[in-house]
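Let's take a friendly walk through this protein together. Have the sequence and the 3D view ready, and follow along one stop at a time.

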Amino acid sequence: MSEQGIGTKCVQAGYTPGNGEPRQIPIIQSTTFKYDTSEHMGRLFDLEESGYFYTRLQNPTNDHVAAKIAALEGGTAAMLTSSGQAANFFAVFNIAAAGDHVVASSTIYGGTYNLFHVTMRRMGVEFTFVSPDCTPEELDAAFRPNTKAVFGETIANPALTVLDIEKFAKAAHDHGVPLIVDNTFATPVNCRPFEWGADIVTHSTTKYMDGHGAGVGGAIVDSGRFDWLAHADKFPGLTTPDDSYHGVTYAKKFGLGGAFITKCTAQLMRDFGSIQSPQNAFILNLGLESLHVRMPRHCENGLAVARFLKSHPKISFVIYPGLEGDKYHELAMKYMPNGTCGVVSFGFTGGRPAAEEFMRHLKLGAIETHVADARTCCLHPASATHRQMNDAELVAAGITPDLVRMSCGLEDSADLIADIAQALDKI
Ligand SMILES: *Cc1c(COP(=O)(O)O)cnc(C)c1O
């Protein structure tokens, strides 16, 4: 059979029931699993055989949903995490430890920036942040002998810069390290970073994948293409024996397709336990079933709102990569020809006070620390998600004090525009 379309995968991938089995993915709400012999369980602990033993590491419901996300991204293996933060932490920490270094785009999500710049730095991992618009030479100069990965977001939250995935992948590969791309905003419906050279993809499934503001979650997907053994000295965790698993060498035993996710599950999930609950994985899957139907509507509403704002005298700037004339429109057309996302960022001629007042007058658009929900919502990053940044860091992250991020939901665009118009009239 030829490869299925993305819509068919959204609906059906990851779970095929046998005769008389549940049509919907069953919620295996069990912490543990029963075996007839200790010998059998021993083989599971030695990673000699695959099977479930404790839901802190793996659960069948999660694995069906992870398999669907792997299919959507075109990867070889995937795992669910309790949040997008856990996904990005695991993806990086799986290959970079104390004494190592990572190159990251400077416009990444505030939570991820904090994780890297503060918390992981405390753990001994150093980061160099580069502008997503840097030249290949500037990007090249950011690498060090101990660099282990490159990180960026397909569409950055909330700066809405578009990552030139090919440029970042080339630099990463020239230095023998993988490119990790957080594909939360584009989703695999609009962009599949593996097709452009990315090696690992992460998601906050909390956003469009869930899509209904119901469950916090994350995912990590491996393309199966990065050759850890060809750069064995850089990735000893994957290419030398793991004493905590009876000397297994992940890259040899599980191959390129399975090594990264198996190590991440066996070591990091075992030790940190940031697993998604089976109940949340079930809810996530309900969202995934309609992802390909919802994304075009989010994009249609985003574009309609961006066009309206662009023509309004009280608006000083509009950032929306799907909009003609946007700084990132060309890159967006290259990487996301069918649409970008539903998130629009904009600023006010009246500055920060106008931004705050505008938000108070919105009726449909609710003030929330959220994006990518069926219901339109908005946020003032400088006073919320990016509050920890000083002015210079805000500018580097592509955020001005008057910037409002609006996540256009699935409502009628005419109603969203009417709501925005009445709020603008009041300021
Ligand atoms: C929200 C978000 C995260 C963090 O995900 P959580 O599920 O909130 O932990 C990471 N990356 C991006 C791009 C996000 O939008």
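## A guided tour

Phenylalanine 272 is partly exposed, with a relative accessible area of 41%. Keep in mind as you look at it that this is a predicted model. Phenylalanine 272 has an aromatic partner, phenylalanine 93, and the two rings meet edge-to-face, with 6.3 Å from centre to centre and 80° between their planes. This pair ties together distant parts of the chain: phenylalanine 93 belongs to helix H4 and phenylalanine 272 to helix H11 (residues 255-272), with their positions 179 residues apart in the numbering. A search of the whole structure turns up 21 aromatic pairs. Elsewhere, Tyr113, Phe116, Phe127, Phe129 and Phe151 come together as one aromatic cluster. Another ring to look at is that of tyrosine 109, which has the charged end of lysine 207 sitting over it, 5.1 Å from the ring centre.

Now go back to helix H4, which spans residues 84-93. Why is H4 described as largely enclosed by the rest of the structure? Because eight of its 10 residues are buried. The buried residues are Gly84, Ala86, Ala87, Asn88, Phe89, Phe90, Ala91 and Val92. Look also at the start of H4, where serine 83 brings a side-chain oxygen to within 3.4 Å of the backbone nitrogen of glutamine 85.

Next, step back to the layout of the chain. The domain assignment gives domain 1 (34-286) and domain 2 (292-425). Their C-alpha centres are 28 Å apart, and 37 residues of domain 1 make contact with 39 residues of domain 2. A residue to inspect in this context is threonine 187, in helix H8 (residues 187-190). Threonine 187 is buried, at 0% relative accessible area. Leaving aside residues up to four places away in sequence, threonine 187 touches His203, Tyr208, Leu291 and Met295.

What about the cysteines? The structure holds zero disulfides. Cysteine 341 is in no disulfide, and the nearest cysteine sulfur, belonging to cysteine 299, is 6.6 Å away. A disulfide here would need two sulfur atoms within 2.5 Å. For cysteine 408, the closest cysteine sulfur is that of cysteine 341, and because the distance is 9.0 Å, the two are too far apart for a bond. Cysteine 341 counts as buried, at 0% relative accessibility, and cysteine 408 likewise counts as buried, at 0%.

Finally, a few backbone details are worth a look. Most residues other than glycine have a negative phi, and most peptide bonds are trans. Against that background, the peptide bond from asparagine 157 to proline 158 is cis, with omega near 0°. You will find proline 158 in the loop between strand E4 (147-153) and helix H7 (165-174).

Which sign does phi take at leucine 47? It is positive, about 60°, although leucine 47 is not a glycine. Leucine 47 is in the loop between helix H2 (38-45) and helix H3 (60-73), and at 18% relative accessibility it counts as buried. Alanine 372 also has a positive phi, near 65°. Alanine 372 sits in the loop between strand E10 (366-367) and strand E11 (377-379), where it is buried, with a relative accessible area of 0%.

Technical notes. Residues are numbered from 1 along each chain as its sequence is written. This is a predicted model: local features need pLDDT of at least 70, side-chain atom pairs count only at pLDDT 80 or more; totals for chains, interfaces and linings use all residues. Side-chain values use heavy atoms; hydrogens and water are left out. Buried means under 20% relative accessible area, exposed over 50%, partly exposed in between (1.4 Å probe, protein chains only). Helices (H or I, at least four residues) and strands (E, at least two) are DSSP runs, numbered from the N terminus. A polar contact is a pair of N or O atoms within 3.5 Å; within protein, one must be able to donate a hydrogen and the other to accept it, and residues adjacent in sequence count only if both atoms are side-chain atoms. Rings of Phe, Tyr and Trp (its six-membered ring) pair if their centres lie within 6.5 Å; planes under 30 degrees apart count as stacked, over 60 as edge-to-face and the rest as tilted. A charge sits over a ring if NZ of Lys or CZ of Arg is within 6 Å of the ring centre and within 35 degrees of the ring normal. Domain bounds come from an automatic or database domain assignment. Contact means heavy atoms within 4.5 Å.
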